[in-house]
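The following account leads the reader through a predicted model. Please keep the sequence and the structure in view while reading.

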Amino acid sequence: MKAGQDSGGKSASQGAEPRRYVVMGVSGCGKSEIGARLAERLGCRHIEGDAYHSRHNIQKMAAGIPLDDADREDWLERLSEELALARKGGAGLVLSCSALKRKYRDLLRQGDPDVVFVHLSGPRSLIEERMRVRPNHFMPVSLLDSQFRDLQPLDASETGVVMDVGLPPDELVKKVLECIDKT
């Protein structure tokens with residue numbers, strides 16, 4: 001996001017369009033919780049990317065089999081369409097989505113070239129600990145290593161921020177809002 005924008009997702013200039021955000025990272029990093037809290041603070045809709053996975057993808061992950069690029073393609077295209085619809089409608093949006101690889105983020109950017117990525121990052125040990133205590137989630141801890149293997153951090157050509165998942169959720173969201181104002 002360019003300097004001069006307020007934390008509500010709009011430019012400081014009157015009538016500017018709200019922005020779209022993708023809260024990304026490996027499974028268990030807190031994408032859903034932080035995404036929902038960020039959307040609430042921005043006053044916009046939150047989409048849980050996991051809700052867009054096909055039954056096949058969920059069954060595959062639940063069985064401990066990592067998704068490959070082909071498995072993710074339709075899923076990412078649907079999420080890209082959601083970003084495009086929000087952009088076309090002039091609406092802000094926060095999407096929680098792993099977006100692990102650059103090519104996945106490129107596909108998401110087809111829906112909104114101005115999307116801002118919020119990469120939730122932290123040590124594997126902390127994320128594993130969180131995964132072990134979360135109830136009723138289809139993603140097993142056994143897939144965490146494959147998530148870290150696939151993860152390609154944001155590079156300088158991608159608009160976004162990297163946040164430490166070790167922070168308490170309220171503090172993390174506050175820092176996200178401060179950082180996206182400067183991006």
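**From the sheet to its surroundings**

Strand E2 and strand E3 (residues 93-96) are joined in the parallel sense, with 4 bridges between them. Two of the facing residues can be named: Glu48 stands opposite Ser96 in E3, and His46 has Val94 in E3 as its bridge partner. E3 also pairs with E1, again in the parallel sense and over 4 bridges. In that pairing, Tyr21 has Val94 in E3 as its bridge partner.

These pairings belong to an open sheet of 5 strands, ordered E2-E3-E1-E4-E5 and paired in parallel. At its edges are strand E2 (45-48) and strand E5 (160-164), each of which pairs on one side only. From one strand to the next, the twist averages 20°. Strands of a sheet pair through backbone hydrogen bonds, either parallel or antiparallel.

What is the burial of E3 on its two faces? Both faces are covered: Leu93 and Leu95 are buried on one side, and Val94 and Ser96 are buried on the other. In a regular strand the side chains alternate between the two faces of the sheet.

Two helices may now be placed against the strands. Helix H3 packs on the sheet and touches strand E1 (20-24), E2 and E3, with a direction at about 170° to that of E3. Helix H4 (residues 102-111) lies across E1, E3 and strand E4 (116-121), and runs at about 145° to E4.

The largest nonpolar core comprises 44 residues. Those with the most contacts inside this core are Val22, Leu38, Leu95, Cys97, Leu108 and Leu120. Leaving aside residues up to four places away in sequence, Leu108 touches Val22, Leu76, Leu79, Ser80, Leu83, Leu95, Cys97, Ala99 and Phe117.

Among these contacts of Leu108 is Ala99, which lies in the loop between E3 and H4. Ala99 has a phi near 45°, a positive value in a residue other than glycine. Ala99 counts as buried because its relative accessible area is 0%.

The loop between H4 and E4 holds Asp112. Is Asp112 buried or exposed? Its relative accessibility is 0%, so Asp112 counts as buried. Not counting residues up to four places away in sequence, Asp112 touches Arg20, Leu83 and Arg87. Leu83 is thus named twice, being among the contacts of Leu108 and among those of Asp112.

Helix H2 (residues 55-62) completes the tour, with Asn57, Lys60 and Met61 as its buried residues. Why do these residues lie on the same side of H2? They do so because they cover an arc of only 95° around the axis. An α-helix has 3.6 residues a turn, so residues three or four places apart point the same way. The cover over the buried residues of H2 includes helix H3 (69-88). H3 therefore appears in two settings, since H3 covers buried residues of H2 and also packs on the sheet. After H2 comes Gly64, whose phi is positive, near 85°.

Methods:
Residues are numbered from 1 along each chain as its sequence is written. This is a predicted model: local features need pLDDT of at least 70, side-chain atom pairs count only at pLDDT 80 or more; totals for chains, interfaces and linings use all residues. Side-chain values use heavy atoms; hydrogens and water are left out. Buried means under 20% relative accessible area, exposed over 50%, partly exposed in between (1.4 Å probe, protein chains only). The arc is that of the directions from the helix axis to the C-beta atoms. Contact means heavy atoms within 4.5 Å. Two strands pair if DSSP finds at least two bridges between them. Axes are lines fitted to C-alpha atoms, for helices over the stretch in contact, and angles run from 0 to 180 degrees between N-to-C directions. A nonpolar core is a set of buried Ala, Val, Leu, Ile, Met, Phe, Trp, Tyr and Cys residues joined through side-chain atoms within 4.5 Å.
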